[in-house]
Amino acid sequence: MSNTSLGFIEITGVVAAIDALDIMCKTSGVELATWERKLGGRLVTIIVRGDVASVTEAVEAASAKAIKKPVASGVIANPHEEIVRLVNLSASRFMAGEGHSPEEGGSPEAHSGALDARTIQEV
């Protein structure tokens with residue numbers, strides 16, 4: 001994950017989080033790494049990845065234009081391997097929700113991180 005940056009937006013509400021993610025993905029060349037919902041979805045953290053400039057631009061755009069003001073946001077350029085491990089653990093739980101992980105019978109293609117119809121329904 002060298003030369004890769006992680007961007008974080010923490011925002012209240014799933015709808016606001018999806019709006020922020022849409023803004024981030026449309027603004028620059030970032031991709032969803034994972035997301036976490038806490039308090040029944042009242043607090044949502046969106047994590048995107050890409051090059052430093054793209055992630056910075058995406059986080060700034062979402063912070064300024066999202067339908068709600070984010071609770072917190074940040075960019076980590078060249079994250080430490082422990083941060084990468086933490087994000088990958090979150091992503092594996094996110095994808096495992098519908099049997100996407102190879103260990104649970106899902107295909108390796110489904111585990112690649114691409115969103116499919118089942119994942120969209122979870123959102």
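**Group meeting: a walk through the cores and helix α3**

Hi everyone, let's start in the middle: the largest nonpolar core has 22 residues, and the ones touching the most other members are I9, I11, M24 and I46. Who contributes to this core? At least two residues each come from β1, α1 (14-27), β2 (31-38), β3 (43-50), α2 (52-65) and α3. The largest share belongs to α1, with six residues. There is also another core lying apart from this one, with five residues, including L6, F8, I47 and V87.

Before I go on, please keep in mind that this is a predicted model.

Back to I46 for a moment. Which residues does I46 touch, if we skip those up to four places away in sequence? The list is G7, F8, I9, A17, L21, M24, L32, T34 and W35.

Now let's zoom out to the whole chain. You can count four helices and four strands in the protein chain. If you trace the sequence from one end to the other, the order is β-α-β-β-α-β-α-α. The chain has 123 residues, and 40% of them count as buried. As for contacts, take those with a separation of 6 or more: 68% of them join residues 24 or more positions apart. On the outside, the protein chain exposes about 6900 Å², and carbon and sulfur atoms supply 54% of that area.

Next, helix α3, which we met as a contributor to the big core. This helix covers residues 81-96, so to speak its 16 residues, and reaches 22 Å from first C-alpha to last, close to the 22 Å expected at 1.5 Å a residue. Which residues of α3 are buried? They are V84, V87, S90, A91, F94, M95 and A96. You may recognise V87 from the five-residue core that sits apart from the largest one.

My last stop is T12, in strand β1, which spans residues 5-12. Is T12 buried, exposed or partly exposed? T12 has 31% relative accessibility, and buried means under 20% while exposed means over 50%, so T12 counts as partly exposed. Setting aside neighbours within four places in sequence, T12 is in contact with R42, L43, K68 and V71. One more distance for those of you with the viewer open: T12 and R37 are 25 residues apart along the chain, and their C-alpha atoms are separated by 9.6 Å.

That's my tour, thanks for listening!

Notes: Residues are numbered from 1 along each chain as its sequence is written. This is a predicted model: local features need pLDDT of at least 70, side-chain atom pairs count only at pLDDT 80 or more; totals for chains, interfaces and linings use all residues. Side-chain values use heavy atoms; hydrogens and water are left out. The expected span of a helix is 1.5 Å times one less than its number of residues. Buried means under 20% relative accessible area, exposed over 50%, partly exposed in between (1.4 Å probe, protein chains only). Contact means heavy atoms within 4.5 Å. Accessible areas come from the Shrake-Rupley method with a 1.4 Å probe; for residues, only the protein chains shown count as cover. A nonpolar core is a set of buried Ala, Val, Leu, Ile, Met, Phe, Trp, Tyr and Cys residues joined through side-chain atoms within 4.5 Å.
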